[in-house]
Amino acid sequence: MRSTKLVPLFTHDDASEALDVIEAAYQGGVRVFEFTNRKKNSFEVFSQVQKQRNRFPELTLGIGTIMDPETTKKFIDVGADFIISPILKPSMGEVCGAHGKHWIPGCATLTEIVTAKEHGAEIIKIFPGSVLGPGFVSSILPVVPDLNLMITGGVEPTEQNLAAWFKAGAMCVGLGSQLFTKDILAKKDWPALKEKVSTALSIIQQLK
């Protein structure tokens, strides 16, 4: 996350198409990918994707939109490399800690952020980014300077938007529908997706 600074987040109810999307992102330069638990069969799809992990030897693949410790354990058992949540629930951190997995809870206040750190979160998700804004990040870092913050929710793959977040102090950003547009998915235009991902990564690298 620290090196590429981009974490795509995506879900689909078809494992084959999910694999096509992951492959296009991987070819575009992605090395960390968040599959989100937002479909009724997300566990089955994620499990099938995990069986094809050898197609992406350098990929770190985790699961997002996890809300409780039971589901956390369930996805860890089928190979999730990290667990991301839109909320702060310390009991999820306990499960991740017991299995040596990163727990990335969603936080929207400084109190939540400090609480997450106290319960073992090394990376903290700032969500929703579109509501909190880069000013929130730049304001809290002087108070708690050693934070690794992942921004999701409303991040755009443009130089202006990405520059604002990284200048504020973000470690990485999560991008979903802004990368995986309805048009690309409808057409299954995987070369276009690869190019979109590659362009976003290039913008980010130039901001370093």
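## Overall architecture

Helices and strands here are DSSP runs, numbered from the N terminus; a helix has at least four residues and a strand at least two. On that basis the protein has nine helices and nine strands. Its radius of gyration is 16 Å, close to the 17 Å that the globule rule gives for 208 residues, so the protein is as compact as a globular protein of that length. The model is a predicted one.

The C-alpha trace spans about 45 × 40 × 25 Å along its principal axes. Buried residues make up 50% of the 208 residues. Among contacts with a separation of 6 or more, 57% are between residues 24 or more positions apart.

## Nonpolar cores

In soluble globular proteins, nonpolar side chains tend to be buried together. In this model the largest nonpolar core holds 61 residues. The members that touch the most others are L6, F33, I83, I124, L149, I151 and V173. Helix 1, residues 15–27, gives the most to this core: eight residues. Another core, of 10 residues, lies apart from it. F82, I123, M150 and C172 are among the members of that other core.

L6 has a wide set of partners in sequence terms. Leaving out residues up to four places away in sequence, L6 touches M1, V30 and V32. The list continues with C172, V173, L175 and L179, and ends with A200, L201 and I204.

## The segment before strand 1

T4 lies in the segment before strand 1, which covers residues 6–10. T4 has 12% relative accessibility and therefore counts as buried. Its contacts, not counting residues up to four places away in sequence, are G29, R31, L201, I204 and Q205.

K5 is placed in that segment before strand 1 too. At 16% relative accessibility, K5 counts as buried. K5 is not a glycine, yet its phi is positive, about 65 degrees.

## Helix 2 and V45

V45 is found in helix 2. Its relative accessibility is 2%, so V45 counts as buried. V45 touches H12, D13, D14, A15, A18 and F35, again not counting residues up to four places away in sequence. V45 and N161 are 116 residues apart along the chain, and their C-alpha atoms are separated by 32 Å.

## Helix 3

Helix 3 runs over residues 69–77, and its buried residues include P69, T71, T72, F75 and I76. These residues lie on the same side of helix 3, because they cover an arc of only 160 degrees around the axis. The buried residues of helix 3 pack against two helices, helix 2 (42–50) and helix 4 (90–98). They also pack against strand 3 (60–64) and strand 4 (82–84).

Both ends of the helix have a local feature to inspect. At the start of helix 3, a side-chain oxygen of D68 comes to within 3.1 Å of the backbone nitrogen of E70. After helix 3 comes G79, with a positive phi near 110 degrees.

## Helix 6 and its approach

A cis peptide bond joins F127 and P128, with omega about 0 degrees. P128 sits in the loop between strand 7 and helix 6.

Helix 6 itself covers residues 129–140. Its 12 residues span only 14 Å between the end C-alpha atoms. A straight helix would reach 16 Å at 1.5 Å a residue, so helix 6 falls short, the expected span being 1.5 Å times one less than the number of residues. G129, G133, F136, V137 and I140 are the buried residues of helix 6. Those residues pack against helix 5 (110–118) and helix 7 (159–168). Strand 7 (124–126) and strand 8 (149–151) are also packed against them.

## Backbone exceptions

Most residues other than glycine have a negative phi, and most peptide bonds are trans. The bond between F127 and P128 is cis. K5 has a positive phi.

K188 has a positive phi as well, near 50 degrees, and is a residue other than glycine. K188 lies in the loop between helix 8 (182–187) and helix 9 (190–207). At 48% relative accessibility, K188 counts as partly exposed, whereas K5 counts as buried.

Note on methods: Residues numbered from 1 in each chain as written. Predicted model: local features only at pLDDT ≥ 70, side-chain atom pairs only at ≥ 80, totals over all residues. Heavy atoms only, no water. Core = buried A, V, L, I, M, F, W, Y, C linked by side-chain atoms within 4.5 Å. Buried < 20%, exposed > 50% of the residue type's maximum accessible area, 1.4 Å probe, protein only. Contact = heavy atoms within 4.5 Å. Arc of directions from axis to C-beta. Polar contact = N/O pair within 3.5 Å; in protein donor to acceptor, adjacent residues only side chain to side chain. Rg over C-alpha atoms; globule rule 2.2 N^0.38 Å.
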